[in-house]
Amino acid sequence: QVQLVESGGGLVQAGGSLRLSCAASRPISSIDHMAWYRQAPGLQRELVVSIRRGFGSDFTTYYADSVQGRCTISRDNEKNTVTLELNSLKPEDTATYYCFADTDGRTDWGRGAQVTVWS
């Protein structure tokens, strides 16, 4: 099991940027698949972006259409963090953002970080 703690949410003006970090309780070098999901009020949780280990040391990223071109995910094995950066924010980006980890089929979630985009 890995504990995940998100940080960096808050109130952001439309057009601005946000940076969310997810700190893991153990080395993320051992976690092949990590992702960010979000859930807006009244809606289902949806995948925002994922980063998955492929062959060797290569990673594959997937971005939801809604954030394509304005979202970046990165891993820092030294800090055991996964960071989400989202630019050109829109009110529809308002949601609780959750960090996710899949370790050999075992899934763990953070408690979430609230992001509210105002215009």
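## Close-up views of an eleven-strand chain

**Figure 1. Four rings gather into one aromatic cluster.** Y37, Y98, F100 and W109 together make up one aromatic cluster. Please keep in mind as you look around that this is a predicted model. Across the structure there are four aromatic pairs. One of them joins Y37 and W109 in an edge-to-face arrangement, with 4.9 Å from centre to centre and 65° between the planes. For anyone setting up a geometry check, a pair of aromatic rings is described by the distance of the centres and the angle of the planes. The Y37 and W109 pair bridges distant parts of the chain: Y37 belongs to strand β4 (residues 33-39) and W109 to strand β10 (residues 106-109), 72 residues apart. Is W109 buried, exposed or partly exposed? With a relative accessible area of 35%, W109 is partly exposed, because that value falls between the 20% limit for buried and the 50% limit for exposed.

**Figure 2. The whole chain, for orientation.** Here we step back for a moment before zooming in again. The protein chain has eleven strands and zero helices, so its order from the N terminus reads β-β-β-β-β-β-β-β-β-β-β. The radius of gyration is 14 Å, close to the 14 Å that the globule rule gives for 119 residues, so the protein chain is as compact as a globular protein of that length. Along the principal axes, its C-alpha atoms fill a box of roughly 45 × 25 × 25 Å. Buried residues make up 42% of the 119 in the protein chain. Of the contacts with a separation of 6 or more, 53% come from residues 24 or more positions apart. The protein chain exposes about 6500 Å², and carbon and sulfur atoms supply 46% of that area. As for charge, there are 12 positive and 13 negative side chains, and the centres of the two sets lie 3 Å apart.

**Figure 3. E6 and its surroundings.** E6 sits in strand β1 (residues 4-7). Is this glutamate buried or exposed? E6 is buried, with a relative accessible area of 11%, because buried means under 20%. Leaving out residues up to four places away in sequence, E6 touches S21, C22, W36, Y97, Y98, C99, G110, R111, G112 and A113. One of these contacts leads back to the cluster of Figure 1, since Y98 is a member there. E6 and Y98 are 92 residues apart in sequence, and their C-alpha atoms are 7.2 Å apart in space.

**Figure 4. A101 in strand β9.** A101 is found in strand β9, and it is buried, with a relative accessible area of 0%. Which residues does A101 contact, once neighbours within four places in sequence are set aside? They are V2, L4, I31, H33, M34, R106, T107 and D108. From A101 to V2 the separation is 99 residues in sequence and 7.9 Å in space, C-alpha to C-alpha.

**Figure 5. I28, a buried loop residue.** I28 is placed in the loop between β3 (18-24) and β4. This isoleucine is buried, with a relative accessible area of 0%. Beyond residues up to four places away in sequence, I28 touches M34, R53, R75, D76, N77, N80, T81 and V82. M34 is also among the contacts of A101, which makes it a handy landmark between this view and Figure 4. For a contrast in distance, I28 and G10 are 18 residues apart in sequence and 25 Å apart in space, C-alpha to C-alpha.

**Figure 6. Two loop residues with positive phi.** S88 has phi near 45°, a positive value in a residue other than glycine. S88 lies in the loop between β8 (81-86) and β9 (95-103) and is partly exposed, with a relative accessible area of 42%. D104 has a positive phi of about 50°, although D104 is not a glycine. Its place is in the loop between β9 and β10. D104 is exposed, with a relative accessible area of 75%.

**Figure 7. P41 in an exposed setting.** P41 lies in the loop between β4 and β5 (46-53). Is P41 buried or exposed? P41 is exposed, with a relative accessible area of 75%, because exposed means over 50%. P41 and T81 are 40 residues apart in sequence and 27 Å apart in space, C-alpha to C-alpha. T81 can also be found in Figure 5, among the residues that I28 touches.

Key: Residues numbered from 1 in each chain as written. Predicted model: local features only at pLDDT ≥ 70, side-chain atom pairs only at ≥ 80, totals over all residues. Heavy atoms only, no water. Helix = DSSP H or I, 4+ residues; strand = E, 2+ residues; numbered from the N terminus. Rg over C-alpha atoms; globule rule 2.2 N^0.38 Å. Buried < 20%, exposed > 50% of the residue type's maximum accessible area, 1.4 Å probe, protein only. Contact = heavy atoms within 4.5 Å. Areas by Shrake-Rupley, 256 points an atom, 1.4 Å probe, with all protein chains shown as cover. Lys, Arg positive; Asp, Glu negative; His and termini not counted. Charge placed at Lys NZ, Arg CZ, Asp CG, Glu CD. Phe/Tyr/Trp six-rings, centres within 6.5 Å; stacked < 30°, edge-to-face > 60°.
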